[in-house]
Amino acid sequence: MNFNRRMNHVRWGLGAVTALAVLLLLAVLFYRPDYYTAENVTNPAPVQITQNTTRVPGKDVFQVSASIAQIVYPATFADNKPNAVILVPQGDWRRALVAANVIHFPVDAPILFIKENEIPEIIKQEIKRLDPEGLFVDGNTKAYIVGPVEQKVKDELRGMKIKFRQFDAANVYELAALIDQFRATINSDHTDMVMIANDNTPEFSIFSASWTAHAGSPTFFVSNNEVPEATKRALKRRAQDAFIYLLGSEDVISAAIADELARYGHVQRIPGTDAFGMSTGFAGYADFGPNFGYWVAKTIRMFGWGIAEAGHNFILVNPAQPEMAVPAGILSHRGKHGPMLLVQENAIPEPVVRYLKIVQPTYLSSQEQLFNFGWIIGSPFVIGEQVQIQADKLLQVKMPDSKNKE
Amino acid sequence: MSKHSVRVAGHYKNGDIMKRFGLYLSLALILFLILAPLVAVKEAFSTGKIPWVIERLHLNTGNTTRLAEQDWHSMQRFVLKQRYDGVKPDAVVVVDADAWPLALACQSFSGEPLNLPVILFDPTETSINEVVTGINTWSPSGLNEFDGADVLLVGENTLSLENELQQEGHSTLVLSSPDIFAAVAVVRDTLLKAGASKSRDLLVVGDDNVKYALPAAAWMARRGTPVLLVERDKISDATRKALDEITSNNIYVLAPPSQVSNSVVNELQKWGQVTRIGEEDPAAHAVFFARFYDATNRFGWQATQDTAEAARHFLLGSTNEDWRMFLAGVQLFSGPNFGPLLYTSADRLSAQTEKFLWSTTPDWWVTPAEGPFNHTWILGEPSHVSYAVQGRVDFIQELRDYLDQGDQGISGIDALALVWFALALACAAWTWFHLSTRLTQAGPFMKLSWMLVMLVLGPIGLWSYYVCYRGYNHQVAMGEFPRPLWVQVLSATLGTVGFGMSTMVTVAFLLAYFGLPLFILEGPLFWLGSPMTQSILWSYLAALAVNIFIFVPLMLRSKEPSAYRDTVRDNALTVFFSMTAISIGMMGAMWLMQMRGLTVMPEEENLTWWATVWGANIIGLITGYIGNWPLVVRGRKIGTM
């Protein structure tokens, strides 16, 4: 039987299929998707920008949280929108820090502050602008409420056709454990690397938000003199011993507490004596090693930024405003992932200056250069204009024999 | 429907209804497996709904900063403040804002080694007072190379400043000529005298269209390379004279042939090594220069994969932008930040620029914190370059995972998946024609089952088809035909694969599409509430049910003239074993790939999701084969396919 006779049976059919395939291919090649429908944007007041820093403005925590979401999600087409939003009733920085554990993939959502009894107008506007897609691993949920809210808030969300899930618990320790369990449910596994913070020392804790957003490691709380039951329970859930990183020196998290925590895993302290020094200590800290597995499916332990060279981004926050700082953690989740550093309203403390000088880029060539960059979180009343300018100088490339005299 | 199948209908009570249901279901499955992957294509292109008015508190994003100035005056104010606040330059250059060749030429003063502020001055619009006050604040010390002058006045229009400046105690040097070519040449001479461009690099641009010359500005602001001006078809005398001063230049002609003709380029060779850098489309022209690199002289930005370890700054402006806006803005790149200038349309990112930005976006290998990070500076308010363009640029510049290339990029995995899908469609089409024309005896469910096998297994399905029927031709319809054991096992496995795998894929997709269930549970069995476990559980149960209650009875009824209930009871356990064997491999592989192999669990709208599914199907076939072997050996199951 020759080829032509065989082909007789199928000639027309195959021809049609081929033609369809070619048509489809051409359609794909010549179709120009319109990513440019976001036309009417309001013209907001100018913000202070420098060559190496950008200020993320806002006069209160609501505005700042919206501002941060606007940095991360331009929302000009489907793929630069978030999957959901995380709504945190304002008033307790610990709640915000716990909520930061929702940010990481696959959730991919910014923290927005609300009031317990209502959603402020600016946040409603921001939810509309973000138009979250819905999280496919959780029934296309579009909002996560972290903490207690009144019925009105839920009604408002329903009115906006936003499907939500609420995390609420008796106290913040339980809340942390609950969200940990939520994340573990998504991954069918608990992350073995966890951080422990003292619930009285926001300045030693808030910078962990950027690592949580970047890597998905949760922060659990201890109080001054005990490890709460909920924290113990959360630590025990790990299939094996946890890797526990303490956010604080011995006067923040006592040796006795560290000793108790050691029952649940391997305890290490992030270096740094004061809070500013610890934020840079965390930025430079890296702990690599085995986690779990066999040679066919090994998982490694990789904790800490470990940044000691140029070419990175830093989020500058003022620990005096912990609730403003925590949502900025998401800046490490997308865009220029990098650690959070603490500054004061009118000064960059000495440990932070020293660290930024270590990682400051030097000029290489016109073709191959590394740059640093910084976000300044909050209005000039939170971080002053001069601090931004000083930060800019510390972040900029060191030029050789520049004739520009300072 | 063939006579054959009509004749045997009727063993079962309600056999026809069931048969019809089975037919529709399998047709639906086929249609689904063909169309569902196209959702990924649709999603890659779909742009979603955008609110009519977008309210923002600022106009910056993670990978872009907007220089939100409405005109070149405010841009100049902003940039000079950024660059020179608290700096004491040796001298200040003021240049006529009416003559672009001069203003462009002066950008070299802002580059190394001089790093002087360059002020655009328009006598009718710029406030003299503002300029003079600005210069007073800097209190430049003066340069010997400028005969001690601390202010350089370039172009005739700037002369109106001379008196005012001298009254304030400044010493001025005037560079001017009625002939624009000569004036540009004077600027170049002054630069050489001041020690700029020891490398003998020289840029040449055409005098006609400023768009083709502007990309040079960013480079000049960094490296201080001087520029000379030529006409399209002619080198003017003043330019010739300037060229004569140095005979071994490295000349880079930044112009396409429409701006500087080939004859001029040829003639320029008298004065050195000539390289043309030029494209007719302005956006492509800027991209060409951004990518260009001459390793001998280290000239050009080399924004290519060769410098993938480097971070990049870009200055992006509209092609229709006032050139003064560019020259005012580009001085932001005269200091510690620098990089190429790029063009776009105001309301749509130019295709060439988009392609270039995709190609320069860094990939990350170990962690997205490793960088490097690119950053684009958007020139002007949203009326100059739209917010939508900014959003697109931000998205394209976002660091991507090397393995899966993010949401819109096509990774190697995605490309393989696409090819696999095309092959699967082709296999299905071929098999359909072959079954319809060569194996007409095969029952309708047999045919549909083979279609589904092709769609879930692609070329491997086709290979199986070949192996199962090769050489048996017309005996196939009789059912019992001699095949080696390994082929019988394959055939038996495929019997479960066709409807089973396709049902599992379909259910898994639909669950993901409508949102997977998630239950937060306590205790060691918490993972039962996980979306992945739920997806596996429901798709497995659905496939089991469909096979046990619908397709196996339908496929067997022509061979086993027993009642429906008996067929179900007799085969349930066998189907359970076979299906479970397949699921273990398929779902296990899907779990490992989606949860462990990839950085981010893929969504059903991503091609990567399908890549993991098709990969998992092959693993499912292998474990299914192993599971079916003892069933066939013990006579519990026969290969019907």
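This tour moves through a predicted model, from the domains of one chain to the contact between two chains and then to a single helix.

Begin by selecting chain B and colouring its two assigned domains separately: domain 1 takes in residues 12-43 together with 414-633, while domain 2 covers residues 64-397. If you mark the C-alpha centre of domain 1 of chain B and that of domain 2 of chain B, the two points are 63 Å apart.

Next, turn to the nonpolar cores, and select Ile86(A), Ile196(A), Leu316(A), Ala328(A) and Ile377(A), which are the residues with the most contacts inside the largest nonpolar core, a group of 207 residues. Because domain 1 and domain 2 of chain B both give residues to this core, it lies between them. Apart from this core there is another, of 121 residues, and you can find it by selecting some of its members, including Trp72(B), Leu152(B), Phe288(B) and Leu316(B). To look more closely at one residue, centre the view on Ile86(A) and show its neighbours, among them Ala99(A), Val102(A), Ile103(A), Tyr144(A) and Val146(A), each of which touches Ile86(A).

Now show both chains and look at where they touch, a contact that takes 91 residues from chain B and 85 residues from chain A. On the side of chain B that touches chain A, the elements giving two or more residues include helix 2 (15-45), helix 16 (412-437) and helix 21 (564-597) of chain B. Select helix 15 of chain B in particular, since the largest share of that side, eight residues, comes from this helix. If you colour the residues of this side of chain B by type, they divide into 45 nonpolar, 28 polar and 18 charged.

Stay with the two chains and select strand 1 (residues 40-41) of chain A with strand 1 of chain B, which pair in the parallel sense over two bridges. Here Asn40(A) stands opposite Val53(B).

Finally, select helix 6 (residues 172-187) of chain A, whose 16 residues reach 23 Å from the first C-alpha to the last, close to the 22 Å expected. Which residues of this helix are buried? They are Val172(A), Tyr173(A), Leu175(A), Ala176(A), Ala177(A), Ile179(A), Asp180(A), Ala184(A), Thr185(A) and Ile186(A). The buried residues of helix 6 of chain A pack against helix 3 (93-103), strand 6 (164-167), strand 8 (219-222) and helix 9 (229-236) of chain A, together with helix 20 of chain B. The last stop is Ser188(A), which follows helix 6 of chain A and has a positive phi, near 55°.

Key:
Residues numbered from 1 in each chain as written. Chains lettered and ligands numbered in written order. Predicted model: local features only at pLDDT ≥ 70, side-chain atom pairs only at ≥ 80, totals over all residues. Domains from an automatic or database assignment. Core = buried A, V, L, I, M, F, W, Y, C linked by C-beta atoms within 7 Å. Buried ≥ 20, exposed ≤ 12 C-beta atoms within 10 Å, placed from the backbone. Contact = placed C-beta atoms within 7 Å. Helix = DSSP H or I, 4+ residues; strand = E, 2+ residues; numbered from the N terminus. Nonpolar A, V, L, I, M, F, W, Y, C, P; charged D, E, K, R; others polar. Pairing = 2+ DSSP bridges. Expected span 1.5 Å × (residues − 1). Lists of a residue's contacts leave out its neighbours within four places in sequence.
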